[in-house]
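Visitor: Hi, I have a structure to look at and I'd like some help finding my way around. Could we go through it together?

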Amino acid sequence: MTEMDSASFIETVVTSTRVRLARNLYSYPFPGKMTVQEAKEVIRTVGYELNRLDDFTEYDIGKIGAEEATLLQEKHLISPDLIRRKDISAAFISSDKEVSVMVNEEDHLREQYILKGFDLYKAYERISGIDDGLARSVSFAYDEKLGYLTACPSNLGTGMRASVMMFLPGLAKYKKLEELLPSLKVNGLTVRGVFGEGTAAEGYSYQISNERTLGFSEADILSHMDEVTLNLAELELRARERMLEEDEIGYRDVCLRAYGTLTNCAVLPVKELADGMVKVKLGVALGFFKASDMVGLNDFIANMRPVSFKMGNCPDAKDERECDLVRAEIVHKVLPGLVERKDVSGS
């Protein structure tokens, strides 16, 4: 791809960018070895310092309901591991819902910034600012040779994981990701599912991130991830072109049928919505639909996750059937404003 082609194409490939920093307080054992009292002290200390930097809301994972915890996980603000450690864990989330600091997960701190679209450097700048602010008041566990000390050796060094969520239907179709996995691993990268380690890919979406932090600077990691993302986007473009060459009419039919069902049904179960939206997004990727705002489309899909949708649109629903009715009505009203069908000539 040329630079111009890359800029216009990348938004159909990269859904979001995340930079996460793992840190531990010098004077406390790692979360796996700490007492409940020590865990509470860490939460208090971190919360106090964070609110000197910005406006953060605290979520005590042991006290919030299961539904609210799932909502935060659906929005990628907390991890499944944090929920599993609910007796000692908490999360601090910024007012714009873009910065999340998980406390007492695998490490004392998992600081992360999630940015819509693709911009690794902007994501790093924001979370690095939070980290620098904390470091002025809190002593992190750090070794001159090893860098930041972490519970898992793979995070030693910078403690930084940079990741991109990528929509890769072409590479998935031709099993190219499976072929690329050994090469990615050799180059210090890993491929995970939508919710990180141990989770499955969902709707052709994959999280690509660096796996090595020791011996590399933050600038090294960001530059490498930037290059890999653009290379994968290039391969995805070629795979999409192959899909069109092999069966454009077939793919067009599948995508248009999905769009027609979603915008005309009276009852819409969550699984049918998820399956249909993958095909609509595929239709955008293959050029059958025009989406003037990919961020808006991705937000719409994310907000349709089961708990997010119920809490935001039908919190008092008596049963799932009632949610299915509301879901159908909302999709019927909103989707045509986000995705417009192109005619066969492509205009």
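Guide: Let us begin with a term: a residue is called buried when its relative accessible area is under 20%, exposed when that area is over 50%, and partly exposed in between. Please also keep in mind that this is a predicted model.

Visitor: Okay, so what is D81, going by its relative accessible area?
Guide: D81 has a relative accessible area of 32%, so D81 is partly exposed. The side chain of D81 meets that of R84 in a salt bridge, at 2.4 Å from N to O, and R84 counts as exposed because its relative accessibility is 62%.

Visitor: Where do D81 and R84 lie?
Guide: Both are in helix α4, residues 80-84, where they lie 3 residues apart, which is about one turn of the helix.

Visitor: How many salt bridges does the count come to?
Guide: The count comes to 23 salt bridges. One of them joins E248 and R252, with the closest N and O atoms 3.0 Å apart, and because these two residues are 4 residues apart in helix α8, about one helical turn separates them. E248 is partly exposed at 36% relative accessibility, while R252 is buried at 15%. Elsewhere, D54, D96, E98 and R126 are joined into one network by salt bridges that share partners.

Visitor: And R110, buried or exposed?
Guide: R110 is buried, with a relative accessible area of 4%, and its side chain meets the side chain of E106 in a salt bridge of 2.6 Å, N to O. E106, at 28% relative accessibility, counts as partly exposed.

Visitor: What about R161, what is the nearest side chain of opposite charge?
Guide: That is E211, 5.6 Å away, and R161 is buried yet has no salt bridge. R161, which is found in strand β8, does have a polar contact of 3.2 Å between its side chain and that of S154. Leaving aside residues up to four places away in sequence, R161 touches several others, including R18, V19 and R20.

Visitor: New topic: which strand does β8 pair with?
Guide: Strand β8, residues 160-167, pairs with β1 in the antiparallel sense over 7 bridges, and S163 in β8 is the bridge partner of R18. β1 is also joined to strand β5, residues 109-116, by 8 bridges, and these two run antiparallel as well; there, L21 stands opposite E111 of β5.

Visitor: Why is β1 largely enclosed by the rest of the structure?
Guide: Strand β1 covers residues 14-23, and 9 of its 10 residues are buried, so the rest of the structure largely encloses this strand.

Visitor: How many residues are in the largest nonpolar core?
Guide: The largest nonpolar core has 81 residues, and those with the most contacts inside it are V101, L297, L335 and V339. Helix α8 gives the largest share of this core, 13 residues. A second, separate core has 11 residues, among them I64, A69, I78 and L82.

Visitor: What does L335 touch?
Guide: Not counting residues up to four places away in sequence, L335 touches Y259, L262, T263, M277, L297, F300 and I330. Among these, T263 sits in the loop between α8 and α9 and counts as buried at 8% relative accessibility. The side chain of T263 also makes a polar contact of 3.3 Å with the side chain of N264.

Visitor: Last one: is C255 buried or exposed?
Guide: C255, which is found in helix α8, counts as buried because its relative accessibility is 0%. The C-alpha atoms of C255 and H224 are separated by 35 Å, and the two residues are 31 residues apart along the chain.

Conventions. Residues are numbered from 1 along each chain as its sequence is written. This is a predicted model: local features need pLDDT of at least 70, side-chain atom pairs count only at pLDDT 80 or more; totals for chains, interfaces and linings use all residues. Side-chain values use heavy atoms; hydrogens and water are left out. Buried means under 20% relative accessible area, exposed over 50%, partly exposed in between (1.4 Å probe, protein chains only). Two strands pair if DSSP finds at least two bridges between them. A polar contact is a pair of N or O atoms within 3.5 Å; within protein, one must be able to donate a hydrogen and the other to accept it, and residues adjacent in sequence count only if both atoms are side-chain atoms. A nonpolar core is a set of buried Ala, Val, Leu, Ile, Met, Phe, Trp, Tyr and Cys residues joined through side-chain atoms within 4.5 Å. Contact means heavy atoms within 4.5 Å. Lys and Arg count as positive and Asp and Glu as negative; His and the chain ends are not counted. A salt bridge is a side-chain nitrogen of Lys or Arg within 4 Å of a carboxyl oxygen of Asp or Glu.
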